[in-house]
Amino acid sequence: MIRPQRFFRQLSRHFRREKRLSVGSFMVLLIILILVDLFWVASVNINNQYQNILKTAKMDVYLEEDLPDSLLAFFEVTLLQFEDVAFVDFTSREAAAQMLRSEFGSNILDGLEYNPLPRTYTISFYKGKSLADLDMLAGQLQNLEGVDTVDFGREWIQKVENVGTGLRRIGFFVGGIILFVVLLTMANTNRLTARTKLQEFTQLRLLGAGPSYLLYPFLMEGFFSAFIAAGLGWFILLTLLDQVSFIDFTLILPTMRDISLYCLAAGLTGTAGAYLGIRRFLIS
Amino acid sequence: MIEFSRVDFSHRHQRIFSGLSLCLEKGTFVVISGPARSGKTTLVKLITGLYTPDAGDIFVEGEHLAEVRKSNRKLREWRRKIGGIGGVYSLLGDRTILENVSLAAEISGISPQLARRNAVEACGKYRLSHVASHYPGAISEVERRAALLARSEAARKELIIADSPTDGLDAKSARFINERLTALRLAGVTILYLTSGEGPENGPDAHLKIKDGNVAA
């Protein structure tokens, strides 16, 4: 029968006796997990920025020179019929020229015989659209009669999406390495501890102790070391982030539920690592 | 309780037992003497299932030890019946004497309260009450050996293997250990006493000698 008090007593005895080893492995776990936390915060916030860019994305539809003004009203209604289009803003040639003058100087168009700037419709959307959706819509608009070109800052959005995708890939890679390092750290710590306890194991086996009696203190140490290191890592990181002020930027942080699940996952990984380290010493 | 039938055993290419046959009846006190490196501790390891014989059969309580070893549960149950002093049996250095004495009972599945009560009682009987809260490294050798006997008694062991239990002790301390073993035998516990000397004069039912890898009267 598993008695929690006994295992906690053994756990504390275990920790006290192999203090340096246990503290060393705990510190390694803490540093690794803080790096994971940092990476998590960075990737969540970059992804959030990407989503914000998509949410505020607008699409400029440049009209052909020879599209008669009489067809503009019809054209506007056509644009509004596309999915998720919230509203459209029309910019006339004169308004475009005015904007150009105010930005680059009043004589920017001097010397030209006519105003070469196109009439433009700027489309705003109800909700963020993915790059693929924007591409598809741009293609549809491009096929409309009277449309010269369609532009929505594709290169910029593509760059941000590439960064997001890259981060996710690195995240999986780093996550895999971190998982491996946590497993390895716990396995090695427990293997080293078990080696120092071989005589004790023999005694316990001679007295009829089963594998569970030998195993549980190690599993518990594995679980609690990783669980506490994960929790402490977040506490340190959140405290540090609290001291730093970000201008015009609200940092998105994980919820308590996310952190709890993360700590639990770290604890379970630590337990698995502890088992890997100790299993060879469990033979009868 | 234990029967060896034509057991051969070698360790590191050295023949230790050759055709060993031995019978240890329940409730008896048997002394086996032999010089150093004659195989006394090996005998303990064979009985407890730490070693497997190269040939021959070992029966424990009527069951073949090889079969017992195949089942972790059976092996645990067998080992829970055995207590020991000296040789492979020792105290755990990071537990107090009281914790050490209650350990075997605790492992046997006795409730912690009862295990502790038995341990306190056994510590009193073995004159260990004053060192119950000490660690093994802080007490005398005779107290350590007494603690091992107390551990066996607290867990109500059926067989006690005493492997050179009085080696290195003064005459008075050796007498104390031997008296306790004799008292345990009177209480129905089977005693296997291994020594390089003669063993206690009064109490044992049989004195055997290890000679040429076998045991003879």
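Me: Ground rule to start: two strands pair if DSSP finds at least two bridges between them. With that in hand, which residue is the bridge partner of A:Y62 in β4(A)?

Reply: That's A:T149. Keep in mind that this is a predicted model. Strand β4 (residues 147–151) of chain A runs antiparallel to β1(A), and four bridges join them.

Me: And which residue in β3(A) stands opposite A:V61?

Reply: A:Y121 does. β3 (residues 120–125) also pairs with β1(A) in the antiparallel sense, over four bridges.

Me: Nice. Which side chains of β1(A) are buried?

Reply: A:M59, A:V61 and A:L63, which point to one face of the strand (residues 59–63). A:D60 and A:Y62 point to the other face and are not buried. In a regular strand, side chains alternate between the two faces of the sheet.

Me: Switching to chain B: which residues are buried in helix α3?

Reply: In α3(B), residues 72–79, the buried ones are B:L75, B:R76, B:W78 and B:R79. They sit on the same side of the helix because they cover an arc of only 160° around its axis.

Me: What do they pack against?

Reply: From chain A there's α7 (198–206), and from chain B there are β4 (55–60), α2 (65–70) and β6 (82–85).

Me: So how many residues are in contact between the two chains?

Reply: 17 residues of chain B are in contact with 15 of chain A. On the chain B side, α3(B) gives the largest share, four residues. That side divides into eight nonpolar, five polar and four charged residues.

Terms used
Residues are numbered from 1 along each chain as its sequence is written. Chains are lettered from A and ligands numbered from 1 in the order in which they are written. This is a predicted model: local features need pLDDT of at least 70, side-chain atom pairs count only at pLDDT 80 or more; totals for chains, interfaces and linings use all residues. A residue is buried if 20 or more other C-beta atoms lie within 10 Å of its own, exposed if 12 or fewer, and partly exposed in between; C-beta atoms are placed from the backbone. Helices (H or I, at least four residues) and strands (E, at least two) are DSSP runs, numbered from the N terminus. The arc is that of the directions from the helix axis to the C-beta atoms. Two residues are in contact if their C-beta atoms, placed from the backbone, lie within 7 Å. Ala, Val, Leu, Ile, Met, Phe, Trp, Tyr, Cys and Pro count as nonpolar, Asp, Glu, Lys and Arg as charged, and the others, Gly among them, as polar.
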